Amino acid sequence: MKVAVDDDRCRGHGVCWSTCPEVFDLSDEDYAVVRTPEVPAEYEEAVRTAADRCPEHAITVS
Amino acid sequence: MNDFEAMNYFKDAALVADPYPYLDALRGKCPVLREPHHDVVMVTGYDEASEVLHDSEHFSSCTSVTGPFPGFPVPLEGDDISELIALHRHELPMSDQLPTFDPPTHTDHRALLMRLITPKRLKENEASMWGLADRMLDSFLAGGEGEFISGYAGPFSLLVIADLLGVPEEDQQEFSEGLQHRPHDRAGVGGTQEELAHSPLGYLYDRFSAYVEDRRREPREDVITGLATAAFPDGSIPEVGDAARVAVNLFAAGQETTVRLLGAALKVLAEQPEIQAQLRGDRTLIPNFIEEALRVESPIKGDFRLSRVPVSVGGVDLPAGTTVMVLNSAANRDPRQFADPATFDPTRANARRHMAFGRGIHTCPGAPLARAEAVVSIQRLLDRTSDIRISERAHGPEGARRYQYVPTYILRGLTELNLEFTPVEGSA
């Protein structure tokens, strides 16, 4: 599973980082960044939850 | 505690002064608990609040700002009230405002708003905040003392939003006057005393409708032209009123709340000199300090949802037609999420997990704006003073302070914060 954050949509709410800090981080400017675009199997569910809960629909999993 | 059960969250002045012991008592009993006075289910737990806010399928936001007042126009009977909501939602107060929308209308209108507060635009706006803050501080700091809410926080956040929306400079003075002269100490949204007007922001609405019409006729290279010509995701062009309302929303939602955040943050700095010293010594702590201020004194205490169908929250079954109040400010003090929750700790590792900006599809679109305004303001206030203190003359001596909070069940914030400071020589 792969995950990406759309920089044009992200507004730095940090919900993904709250949900799965192992995969998402916040940049110095407080926007979301992906630490590991190739999601480790044990975090797949958390990443799906994060994508589902992103207020800006900025996260895509493929 | 029987005391707390007798208290009426929506009317009791004591709960305006300090709502937290009451909210803690509710959570202690059950994080999803029906209060007896207005039949509202109070959600005070972190996970439970998150559950409701993420569930826009089973909960409608049609009463998000008003809850039980005035209540729904018709009796809510049956196991699915979606049709009743569709038929009557336009009769509810604030029904033309984004926070009360549900998908799919919400999705389209929010997209319109997000086109206005893009990361690029926010960056430009943040750049101009430094100059705006310094201009405000030139006069605010000059006397060595002042009332922070009306002397800095109010006008600063107003000018920031005017700048974000690209209000032409020649009109900004008129804007300040038009908005400052509204009766702002009356409670407005969520007042514990007075009734709600249908749409209290007529001045802004008229002003922006005129801008939108003007820019559609004669486009310019400015932000308002962007607003005037923005299309819905399906390509259709919004009516003038819809476009204007996006701007009005920003003013309405962004001003009151950011002002209260700034007030809460400055009160902490002035009341707790050790925290002030900590931030003076290490400015990189400012962002997390602001998150902690948002957590401990969430400017929006909570808002409402209405269940469309029978639904279970935190294991508690709620029938269709239940008015639920999601109390962000209580969720942010849930000890299951935040250890020692009443303590203000600027270095708290998980402070940013607070829900002061909400969760789910209605999450505050202005969150990055509020954060930037707070960072810039505190940074410059610390740079330009060597000490910030509470005015004992206005608020009383240490140990016997007097503070007044806005008299609403929705908002949390000081009406006044009188400060004294030692300006840094040559900082102006």
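Visitor: What does the secondary structure of chain A come to?
Guide: Chain A has 2 helices and 4 strands; these are DSSP runs, with helices (H or I) of at least four residues and strands (E) of at least two, numbered from the N terminus. This is a predicted model, where local features need pLDDT of at least 70, side-chain atom pairs count only at pLDDT 80 or more, and totals for chains, interfaces and linings use all residues. Residues are numbered from 1 along each chain as its sequence is written, while chains are lettered from A and ligands numbered from 1 in the order in which they are written.

Visitor: OK, and which pattern does chain A follow along the sequence?
Guide: Along the sequence, chain A reads β-α-β-β-α-β.

Visitor: Which elements of chain A have the lowest and highest mean pLDDT?
Guide: Helix H1 (residues 15-19) of chain A has the lowest, 93, and strand E1 (residues 3-5) of chain A has the highest, 97. That score is the predictor's confidence in each residue, from 0 to 100. For chain A the mean is 94, and 100% of its residues reach 70 or more.

Visitor: How does the radius of gyration of chain A sit with a compact globule?
Guide: It agrees: chain A has 10 Å, and a compact globule with 62 residues would be near 11 Å. The radius is taken over C-alpha atoms, and the globule rule is 2.2 Å times the number of residues to the power 0.38. The C-alpha trace of chain A spans about 30 × 20 × 15 Å along its principal axes.

Visitor: Switching topic, how many residues of chain B are in contact with chain A?
Guide: 13 residues of chain B are in contact with 11 residues of chain A, where contact means C-beta atoms, placed from the backbone, within 7 Å. On the chain B side, helix H16 (residues 367-384) of chain B gives the largest share, 3 residues.

Visitor: And helix H3 of chain B, which residues are buried there?
Guide: In helix H3 (residues 20-29) of chain B they are B:Tyr22, B:Leu23, B:Leu26 and B:Arg27. Buried means 20 or more other C-beta atoms within 10 Å of a residue's own (exposed is 12 or fewer, partly exposed in between), with C-beta atoms placed from the backbone.

Visitor: What about the sheet in chain B, what order do the strands take?
Guide: 5 strands of chain B form an open sheet in the order E1-E2-E8-E5-E3, with mixed pairing. Strands pair if DSSP finds at least two bridges between them. The edge strands are E1 (32-34) and E3 (59-60) of chain B, each pairing on one side only.

Terms used. Contact = placed C-beta atoms within 7 Å.
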